[in-house]
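Biologist: Could you take me through some of the labels used for this model? I'd like to hear the reasoning behind each one.

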Amino acid sequence: MSEKACLGKMTNISPETRIMMMRGEDGRQGYRRQILAALAVSLGPFAAGLSKGYMSPAIASMQESQHDSSFTVSDQQASWIASLSLLGALIGGILGGMTMRLGRRTILLVSALPFSLAWLATALSTSVNMISVTSFCGGMLICCITMITQVYVTEIAVPEIRGCLSSVLKILSQIGILISFSLGAYLNWHQLALVVAAAPVLLFLALLFIPETPSSLFLRGKEEEAADSLQWLRGPDADIRQELATIRTNILASKQYNDGRTGKLKVLLSKRLTRPVLITCGLMFFQRFTGAHVFNFYAVPMFKKTFRMMNPHGGAIATSVVQLLASCLSGMLIDHVGRLPLLMISGVMMSIALAGFGSYAYYEDVFRNSTDLTNVEPGSYDWIPLLCVLTFTIAFSLGISPISSLLIGELFPLEYRSTGSALATSFSHLCGFVNVKTAADFQDHIGLYGLFWLYAGISVLCLLFVVLFVPETKGREIDEMDPKYVESLCINR
């Protein structure tokens, strides 16, 4: 067939098909570059995971070694140390959204070393107040880093592997939590803080070898650098002309669309912003108020209340291992099964597991404490609460945990991605702070069983919310890479 005939046929191919064809020839090499970049920034969630896993063994260490320490830590002070990191994350979400426009990679570089210094300060702390301050600062930087790494991966990845690469962030975070839980059995809180302090340094070094996202560079008018970045990500031999032209056209159209909308209130009330905000904030609410944070921060105390013979620390480590495996499974399924099926499976399994744990806690609190247990073998039922927690952990890590974060990057248009990410992430950590701080109060009023029955009811509402409001984004281009983006702007005017 002649070259002219081939060109004639190409004119009948849609722009999205042409982009896929151009990607396909060197797709594997391009995938490798995107995977390397994702692994580099995933050291941020890894450091965040070490920080999240630090609290449980560290607080136990502080309270167990009070006779050797220059200060004491009460239960109330411990709850503030744990929850202040979430309050700091609320501020970090706002700051991250405000500064993200300066560049995704740039802000990650700026945040990495202060994050390490915050943990060095924790290791050298000599008072509860000092630890509280470093917990707040660390939480602020954790949120900023995790939010921007998710946006970075969303903007560099092609749709075929975007969900998988997003799950890598969760997997590295779970590995960090597992390492902290495991090392916490052998190290005191000073030593464990030094281990956490090393991880952000690795992030800083890795970031030196990867580019800024093309979308961010285009948004700041750096077209040559954007082209170099996209070429690096897609591979040296990949034809990026069509994709580059699409990104350029869509970003220019986005700027013109925003310039034509006068007034901040009109922008904030735009359907293109409010709909993703409501969906992502709804998912974040359900993610935080289904008990995951309570399991993370109070795993050992809860297992002490429900286990009779089994080691509570062993149960916490087993939960962390299962969480890691479930995150790996989610990474393999998310781009094949889709977001919605995993979210629905997650909602059903969480509801059943939480109701089961609450029922067992009720059995322990009411029935067994008022019954003669001389003929019951101690610890014979310890597997029931552990099974419920492991089932919940699998469901949470398979669906709502990775997907709610992924949708922040996928649902928000480029022009609102900084603002939307900040709103959703800050709201998420506000919910986390409220949940962790009030969990003990709820236990005092309605018991441990009542608390988990409440979480089970919220999980049922989560399932209804997913079915009614959450869209499927499997295989969908993000706005600046979608050839039909300009048409959607015209429709939404």
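Biologist: Why is R248 called partly exposed?

Modeller: This is a predicted model, and in it R248 has a relative accessible area of 30%. Buried means under 20% and exposed means over 50%, so R248 falls in between and counts as partly exposed.

Biologist: And what makes R248 and E223 a salt bridge?

Modeller: Their closest N and O atoms are 3.0 Å apart. The cut-off is within 4 Å, so the pair qualifies. R248 lies in helix α12 and E223 in helix α11, so the pair ties together parts that are 25 residues apart in sequence. E223, at 35% relative accessibility, is partly exposed too.

Biologist: How do you know that R220 and E212 form a salt bridge?

Modeller: The same test works: 3.7 Å between the closest N and O atoms is still within 4 Å. The partners get separate labels, though: R220, at 30%, is partly exposed, whereas E212, at 8%, is under the 20% limit and therefore buried.

Biologist: How many salt bridges does this rule give?

Modeller: The count is 5. Among them is E243 with R234, at 2.8 Å from N to O, and both of those residues are buried.

Biologist: Now the helices: why are α4 and α6 called roughly parallel?

Modeller: Their axes cross at roughly 25 degrees and come within 12 Å. Angles under 35 degrees count as roughly parallel, so α4 and α6 earn that name. Their crossing is left-handed.

Key:
Residues are numbered from 1 along each chain as its sequence is written. This is a predicted model: local features need pLDDT of at least 70, side-chain atom pairs count only at pLDDT 80 or more; totals for chains, interfaces and linings use all residues. Side-chain values use heavy atoms; hydrogens and water are left out. Axes are lines fitted to C-alpha atoms, for helices over the stretch in contact, and angles run from 0 to 180 degrees between N-to-C directions. Helices (H or I, at least four residues) and strands (E, at least two) are DSSP runs, numbered from the N terminus. Angles under 35 degrees count as roughly parallel, over 145 as roughly antiparallel, 65 to 115 as roughly perpendicular and the rest as oblique. A crossing is left-handed if the near helix is turned anticlockwise from the far one by less than a right angle, and right-handed if clockwise. A salt bridge is a side-chain nitrogen of Lys or Arg within 4 Å of a carboxyl oxygen of Asp or Glu. Buried means under 20% relative accessible area, exposed over 50%, partly exposed in between (1.4 Å probe, protein chains only).
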